[in-house]
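Please open the structure in a viewer and keep the selection tool at hand. The stops below proceed from the ligand to the pocket and then to the whole chain.

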Amino acid sequence: MTTPGAQPLLSARNIYAGYGHVRVLENVSVAAAAGHIVALVGRNGAGKSTLLRTLSGLNRPTAGEIVFDGRSIAGARTHAIVEAGLLHVAEGRRLFRRQSVADNIELGRYGLRLSVEQRRQRLDRIHELFPVLREKQDLIAGGLSGGQQQMLAIAQAMMREPKLLMLDEPSLGLAPVLVDQVLDAILSLRAQGVAILLVEQMVERALEIADYAYVLQNGRVIASGPAHEIASGDALHKAFMGEHGAPVGAEPGVRGS
Ligand SMILES: Nc1ncnc2c1ncn2[C@@H]1O[C@H](COP(=O)(O)OP(=O)(O)OP(=O)(O)O)[C@@H](O)[C@H]1O
Ligand SMILES: [Mg+2]
C-alpha cells in the first residue's frame, strides 16, 4: 500500500486492536507525513476512533508496529506519546467546562517547561488562529458554543506544538459556518508543517481538504490513495452503502455506539 511522503512522520503497520476479546482493527496500515492532512473515513463503527485511540496509546494494539518520528510507540504510555509530539483531540471535546477559556489553554501545557517567551509565542499563534478565544478568555469553557469548544480543544493541543495532531470528528454538532472555521484552522496547521490525521463524518469536506485518505470498513482498510481519487472512487460508495444499496449511518447526527 502506498504511503504519503517518502519518510512519513507516522507509520503504523499491520495493526490489530480491539476491546477485550472483541477484535476491531485487522491488519490496518496507515501513514502520515509532516504538512499533510490524512483523512480516515468509514461509516459508524468502522473502527476510526479505535485506530486513533490505538495510535495515541489509549488502546494497546495486540499486534503490529507503530513508528512515530523514528521511534517505536506501539504499546507506549500515553504521556510518552504526547511528549513525543503526537496529540489526540478526542471525540466530544474533553474540556474543563467550569474553568476559563484561558485556563483551559494553559492546562494544555501541563508538565511542559516553557520559557515566558515560548509560552507567549504559542498563545499568540493560538489567538491568531482563533481570535474568538482571546475575546472570550475570561469566560468559562462550558459557556462556549460547540464550535468554539472545538477550537479550544485544538488550542489546548497547540500549546504543546504537536508534530502530529489527530482530530476525531471536529465538526460534530457544529453549524456550517463553524465547520468552515475549524476546517480553515486545520489547513493553517498544515501550512505550519503539522501532520493531521482527520476523522470526519462530513466525508466530502474532509476529502476536499485532505491530501491522502484511507477508507475503513469493518476494521480493515479497504482503499487508500490521494484524497481526490478516493473521493471519486468506488470504495467510498461501498463503505457507506449497505448490502442492498441503502445508505447506512452516513447521515450527520446518526451515531453508532
Ligand atoms: N469501549 C468499547 N468497548 C467495546 N467495544 C467498543 C468500544 N468502543 C468501540 N467499540 C466497538 O468497536 C467498533 C469500532 O468502534 P469505533 O468507535 O472505533 O468506530 P468509529 O468508526 O469511530 O465509529 P463512529 O463513526 O460511530 O464514531 C464498534 O463495533 C464499536 O461498537
Ligand atoms: Mg468514532
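Select the shell around ligand 1 and colour it by residue class: three residues are nonpolar, six are polar and five are charged. The coordinates belong to a predicted model. In total, 14 residues surround ligand 1, and the closest are Gly-45, Gly-47, Lys-48, Ser-49 and Thr-50.

Next, select helix H1, residues 48-55. This helix gives the shell around ligand 1 its largest share, three residues.

Now display the distances from the oxygen atoms of ligand 1 to the protein. At Gly-45, a backbone N or O atom lies 2.8 Å from an oxygen atom of the ligand. At Gly-47, a polar backbone atom is 2.9 Å from an oxygen atom of ligand 1. At Lys-48, by contrast, the side chain should be shown, since a polar atom there lies 2.8 Å from a ligand oxygen. With these contacts on screen, add a surface to the ligand: ligand 1 taken alone exposes 640 Å², and the protein buries 68% of that.

Leave the ligand and turn to the largest pocket, whose volume is about 780 Å³. Its lining comprises 22 residues. To centre the view, select Val-82, Leu-87, His-88, Gln-156 and Arg-160, the lining residues closest to the centre of the pocket. Then highlight three elements in turn: helix H2 (78-84), strand S6 (86-89) and helix H6 (146-158). These are the elements that give two or more residues to the lining. Colouring the lining of the largest pocket by class shows eleven nonpolar, seven polar and four charged residues.

Finally, zoom out and switch to a cartoon of the protein chain. Its secondary structure comes to ten helices and ten strands. The radius of gyration of the chain is 18 Å, close to the 18 Å that the globule rule gives for 257 residues, so the chain is as compact as a globular protein of that length. For a last view, align the principal axes with the screen: along them, the C-alpha atoms fill a box of roughly 55 × 40 × 35 Å.

How values were computed. Residues numbered from 1 in each chain as written. Chains lettered and ligands numbered in written order. Predicted model: local features only at pLDDT ≥ 70, side-chain atom pairs only at ≥ 80, totals over all residues. Heavy atoms only, no water. 1 Å grid on protein atoms, 1.4 Å probe; cavity = no way out; pocket = protein on both sides within 12 Å on 5 of 7 lines; lining within 4 Å. Points joined across faces, edges and corners; volume = space filled by probe spheres on them. Helix = DSSP H or I, 4+ residues; strand = E, 2+ residues; numbered from the N terminus. Nonpolar A, V, L, I, M, F, W, Y, C, P; charged D, E, K, R; others polar. Near = heavy atom within 4 Å. Polar contact = N/O pair within 3.5 Å; in protein donor to acceptor, adjacent residues only side chain to side chain. Areas by Shrake-Rupley, 256 points an atom, 1.4 Å probe, with all protein chains shown as cover. Rg over C-alpha atoms; globule rule 2.2 N^0.38 Å.
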